[in-house]
Amino acid sequence: MSNKTTEYIDIKNIDKLVPKEFLPKINLLFNKDIPKEPKTADDLLIYKFAKSKESDIQQYFYNQSKLLQQELKQINRFNEFEFVQNDNGDSSAGNLSQVQRIALFKRKKAEGSRKGFPDISMYLYNNKLTFRDTIFCEVKKIGSPSEIHLSKEQLDWFLKLNSMSFDAYITNNPIFFKNVVLGEIKKNF
């Protein structure tokens, strides 16, 4: 791994970098979108995650996925839905020295990790329709546009996977994840 710094995308210009047909698969909340006084359950959920780390949002996504998994098993016990967190080593690198970080990323690269690959993969199988699919999701924290760090590699993976006819998403919005991402999965059952 080289000592290059990561190049981040200016979120405010995302519409100029992404084809129109893929833009609905990006849903990011910013600080200005957070209700000052939550009035609904959705407002309260967004308010709760406004100060959370990316990891907390991802854990919520996992828990929502487990609920959907149970629901799909009730429809047909042979249905499958799996949520997998893809470990590229980034989260564990935060507490390491620079030398340890370089060694970790070098090892991860040798093991086949790909920089910028989405945080989450979801695999589904509908037994009745013999239908299989894979969905990908890059998770971000809620913040100002300058606090939401989307790397060039993450955007490249998003574009590549969608161009390959996979569904790939970028979000920090728990309502979007539940209603749209998991909603798309639910439509297949």
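**Exercise 1. The surface and the overall fold**

How much accessible surface does the protein have, and what share of it belongs to carbon and sulfur atoms?

*Solution.* Keep in mind as you work that this is a predicted model.
- Step 1: the accessible surface of the protein comes to about 11400 Å².
- Step 2: carbon and sulfur atoms account for 51% of that surface.
- Step 3: turn from the surface to the interior, where 42% of the 189 residues count as buried.
- Step 4: list the secondary structure, which consists of 7 helices and 7 strands. Read from the N terminus, the elements follow the order β-α-β-α-α-β-α-α-β-β-β-α-β-α.
- Step 5: look at sequence separation. Among contacts between residues at least 6 apart in sequence, 70% join residues at least 24 apart.

**Exercise 2. The ring of Tyr169**

Find the aromatic partner of Y169, and decide whether the pair is stacked or edge-to-face.

*Solution.* There are 8 aromatic pairs to choose from in the structure.
- Step 1: the partner is F176, with 6.1 Å between the ring centres.
- Step 2: the planes stand at 70° to each other. Angles over 60 degrees count as edge-to-face, so that is the label for this pair.
- Step 3: check the burial of both residues. Y169 has a relative accessible area of 6% and F176 one of 8%. Buried means under 20%, so Y169 and F176 both count as buried.
- Step 4: look for a charge over the ring. The charged end of K25 sits over the ring of Y169, 5.8 Å from the ring centre.

**Exercise 3. A cluster of rings**

Which residues are linked with W157 into a cluster by ring pairs, and which lysine has its charged end over the W157 ring?

*Solution.*
- Step 1: follow the ring pairs, which link W157 with F117, F136 and F166.
- Step 2: now look above the W157 ring. The charged end of K160 lies there, 5.1 Å from the ring centre.

**Exercise 4. The surroundings of Asn86**

Where is N86 placed, and is N86 buried or exposed?

*Solution.*
- Step 1: locate the residue. N86 belongs to the loop between β3 (80-85) and α4 (90-93).
- Step 2: read its accessibility. The relative accessible area of N86 is 16%, so N86 is buried by the under 20% cut-off.
- Step 3: collect the neighbours. Leaving aside residues up to four places away in sequence, N86 touches F117, P118, D119, I120 and S121.
- Step 4: pick out the polar contact. The side chains of N86 and S121 make one at 2.9 Å.
- Step 5: link back to Exercise 3. F117, one of the residues touched by N86, also belongs to the ring cluster with W157.

Technical notes. Residues numbered from 1 in each chain as written. Predicted model: local features only at pLDDT ≥ 70, side-chain atom pairs only at ≥ 80, totals over all residues. Heavy atoms only, no water. Phe/Tyr/Trp six-rings, centres within 6.5 Å; stacked < 30°, edge-to-face > 60°. Buried < 20%, exposed > 50% of the residue type's maximum accessible area, 1.4 Å probe, protein only. Lys NZ or Arg CZ within 6 Å of the ring centre and 35° of its normal. Helix = DSSP H or I, 4+ residues; strand = E, 2+ residues; numbered from the N terminus. Polar contact = N/O pair within 3.5 Å; in protein donor to acceptor, adjacent residues only side chain to side chain. Contact = heavy atoms within 4.5 Å. Areas by Shrake-Rupley, 256 points an atom, 1.4 Å probe, with all protein chains shown as cover.
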